[in-house]
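Biologist: Could you take a close look at one part of this protein for me? I would like to hear about a nonpolar patch on the surface and the chain around it.

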Amino acid sequence: MTLYIGVMSGTSLDGLDIALIELTPTINLIATHYTPMPDALRTELLGLCASGPDEIARSA
């Protein structure tokens, strides 16, 4: 049995979607979970998506 965890956020950055699947000859969804993005982190990440004089330095 091979298990994989996938984690993603959409472009709105409202939260993280997490899925656990089992990969056999077919894909079986084992579990899912959603975690809201903290407001301060969401604001910071959205700020990095806009070009400006320091977004590369701030991303470090």
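Modeller: Happy to help; here is the patch, followed by its setting in the chain.

This is a predicted model, in which local features need pLDDT of at least 70, side-chain atom pairs count only at pLDDT 80 or more, and totals for chains, interfaces and linings use all residues. Residues are numbered from 1 along each chain as its sequence is written, and side-chain values use heavy atoms, with hydrogens and water left out.

The nonpolar surface patch consists of M1, L3 and I30, which together have about 360 Å² of accessible area (Shrake-Rupley method, 1.4 Å probe; for residues, only the protein chains shown count as cover). Patch members have over 30% relative accessible area and no salt bridge, and nonpolar side chains (Val, Leu, Ile, Met, Phe, Trp, Tyr) are joined within 5 Å. A salt bridge here would be a side-chain nitrogen of Lys or Arg within 4 Å of a carboxyl oxygen of Asp or Glu.

L3 lies in strand β1, residues 2-8 (strands are DSSP runs of E, at least two residues; helices are H or I, at least four). L3 counts as partly exposed because its relative accessibility is 45%, where buried means under 20%, exposed over 50%, and partly exposed in between.

Around the patch, the protein chain has two helices and three strands, in the order β-β-β-α-α from the N terminus. Of its 60 residues, 8% count as buried. The protein chain exposes about 4,700 Å², with carbon and sulfur atoms supplying 65% of that area. Its C-alpha atoms fill a box of roughly 50 × 20 × 15 Å along the principal axes.

Key:
Patches are made of residues with over 30% relative accessible area and no salt bridge: like charges are joined within 9 Å, nonpolar side chains (Val, Leu, Ile, Met, Phe, Trp, Tyr) within 5 Å. Buried means under 20% relative accessible area, exposed over 50%, partly exposed in between (1.4 Å probe, protein chains only).
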